[in-house]
Amino acid sequence: MELPKPGPEHQWLHRMIGTWHMEGESPGAPGEAPTKVSGTERVRSLGGLWILGEGEGEMPGGGTANNLMTIGFDPAQGVFLGSFVASMMTHLWSYRGTLAGDTLTLDTEGPDFGGGGMAAYQDIIALQGDDTRTLTSRMRMPDGTWQQVMSARYRRIG
């Protein structure tokens with residue numbers, strides 16, 4: 001059996017390898033200020049086919065949050081696949097996504113934090129040169145529109 005070799009999609013993912021400082025926010029309830037967060041993420045390669053992003057930051061109200069994001073590309077399916085887990089939640093987010101230019105849109109499903117049940121979400125990663133990227137998370141509303149639930153800006157520090 002011949003081992004898979006990294007392709008152009010894997011090379012695109014490798015642009016995220018390094019250490020990053022993150023500053024983000026989630027919209028507050030009506031009349032409330034947005035919730036601000038900051039932290040550090042270390043992204044490394046796993047066999048040239050996957051990236052692992054290990055994040056750590058302070059939670060609003062105190063305490064430390066940790067998370068792990070995995071992303072790879074499956075040439076047989078022609079899609080990006082991955083996962084996200086975090087220390088402050090019990091749901092395993094499974095990704096399936098596509099790349100357009102320097103923007104990777106990862107579709108997933110998770111708890112509807114506003115009304116119970118499950119909802120469709122997207123995590124959108126946009127590379128802006130070699131040292132900056134953004135992550136925007138949004139949730140599909142019952143009327144089919146998308147509502148942003150979190151945004152973060154990453155700056156390379158190593």
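Strands S1 (residues 18-26) and S10 pair up antiparallel, with 6 bridges between them. In this pairing, Trp20 faces Arg156 of S10 across the strands. All of this comes from a predicted model, so the usual care about local confidence applies.

The S1-S10 pairing is part of a bigger picture: 10 strands close into a barrel, running in the order S1-S2-S3-S4-S5-S6-S7-S8-S9-S10, with antiparallel pairing. Going from one strand to the next, the twist averages 25°. As general background, strands of a sheet pair through backbone hydrogen bonds, in either a parallel or an antiparallel way.

**Two more strand pairs**

S10 also has a partner in S9: the two run antiparallel and are joined by 9 bridges. One of the residue pairs here is Thr136 with Ser151, its bridge partner in S10. S9 and S10 make a hairpin with 5 residues between them, and Gly144 in the turn has a positive phi of about 95°.

Elsewhere in the barrel, strand S3 (residues 50-58) pairs with strand S4 (residues 64-74), again in the antiparallel sense and over 9 bridges. Leu52 has Thr70 of S4 standing opposite.

**Arg133 and its surroundings**

Which strand holds Arg133? Arg133 lies in S9, and with a relative accessible area of 4% it is buried. A buried arginine invites a look at the partners of its charge. Arg133 forms a salt bridge with Glu41, where the closest N and O atoms are 2.3 Å apart. Arg133 belongs to strand S9 (residues 132-140) and Glu41 to strand S2 (residues 35-46), so this pair ties together parts that are 92 residues apart in sequence. Glu41 counts as buried too, at 8% relative accessibility.

The charged end of Arg133 also sits over two rings. For Trp20 the distance to the ring centre is 4.5 Å, and for Tyr154 it is 4.1 Å. Trp20, Glu41 and Tyr154 turn up again in the contacts of Arg133, which, leaving out residues up to four places away in sequence, also include Met16, Val43, Ala126, Leu127, Gln128, Ala152 and Arg153. For a longer-range check, the C-alpha atoms of Arg133 and Asp102 are separated by 9.6 Å, with their positions 31 residues apart along the chain.

**Salt bridges**

How many salt bridges does the structure hold? There are 6. In general, side chains of opposite charge can pair when their charged atoms come close. The table covers some of them, including the Arg133 pair described above.

| Basic residue | Acidic residue | Closest N and O atoms |
|---|---|---|
| Arg133 | Glu41 | 2.3 Å |
| Arg44 | Glu54 | 3.3 Å |
| Arg156 | Asp131 | 3.0 Å |

The Arg44 and Glu54 pair links distant parts of the chain, with Arg44 in strand S2 and Glu54 in strand S3, 10 residues apart. Are these two buried or partly exposed? Arg44 counts as partly exposed at 43% relative accessibility, and Glu54 likewise at 37%.

Arg156, met earlier opposite Trp20, pairs with Asp131. Arg156 lies in strand S10 (residues 146-156) and Asp131 in the loop between S8 and S9, so the salt bridge ties together parts 25 residues apart in sequence. Arg156 is partly exposed with a relative accessible area of 22%, and Asp131 is partly exposed with 42%.

**An aromatic pair**

The structure holds 2 aromatic pairs. One of them is Trp93 with Tyr121, an edge-to-face arrangement with 5.0 Å from centre to centre and 90° between the planes. Trp93 is in strand S6 (residues 93-100) and Tyr121 in strand S8 (residues 118-127), so the pair ties together parts 28 residues apart in sequence. Both Trp93 and Tyr121 are buried.

**Leu135**

Back in S9, there is Leu135, which is buried with a relative accessible area of 9%. Leaving aside its neighbours within four places in sequence, Leu135 is in contact with Asp123, Ile124, Ile125, Met150, Ser151, Ala152 and Tyr154. Ser151 is the bridge partner of Thr136 mentioned above, and Tyr154 is one of the rings under the charged end of Arg133. As for Tyr121 of the aromatic pair, Leu135 is 14 residues from it in sequence and 13 Å away in space, C-alpha to C-alpha.

How values were computed: Residues are numbered from 1 along each chain as its sequence is written. This is a predicted model: local features need pLDDT of at least 70, side-chain atom pairs count only at pLDDT 80 or more; totals for chains, interfaces and linings use all residues. Side-chain values use heavy atoms; hydrogens and water are left out. Two strands pair if DSSP finds at least two bridges between them. Helices (H or I, at least four residues) and strands (E, at least two) are DSSP runs, numbered from the N terminus. Axes are lines fitted to C-alpha atoms, for helices over the stretch in contact, and angles run from 0 to 180 degrees between N-to-C directions. Rings of Phe, Tyr and Trp (its six-membered ring) pair if their centres lie within 6.5 Å; planes under 30 degrees apart count as stacked, over 60 as edge-to-face and the rest as tilted. Buried means under 20% relative accessible area, exposed over 50%, partly exposed in between (1.4 Å probe, protein chains only). A charge sits over a ring if NZ of Lys or CZ of Arg is within 6 Å of the ring centre and within 35 degrees of the ring normal. A salt bridge is a side-chain nitrogen of Lys or Arg within 4 Å of a carboxyl oxygen of Asp or Glu. Contact means heavy atoms within 4.5 Å.
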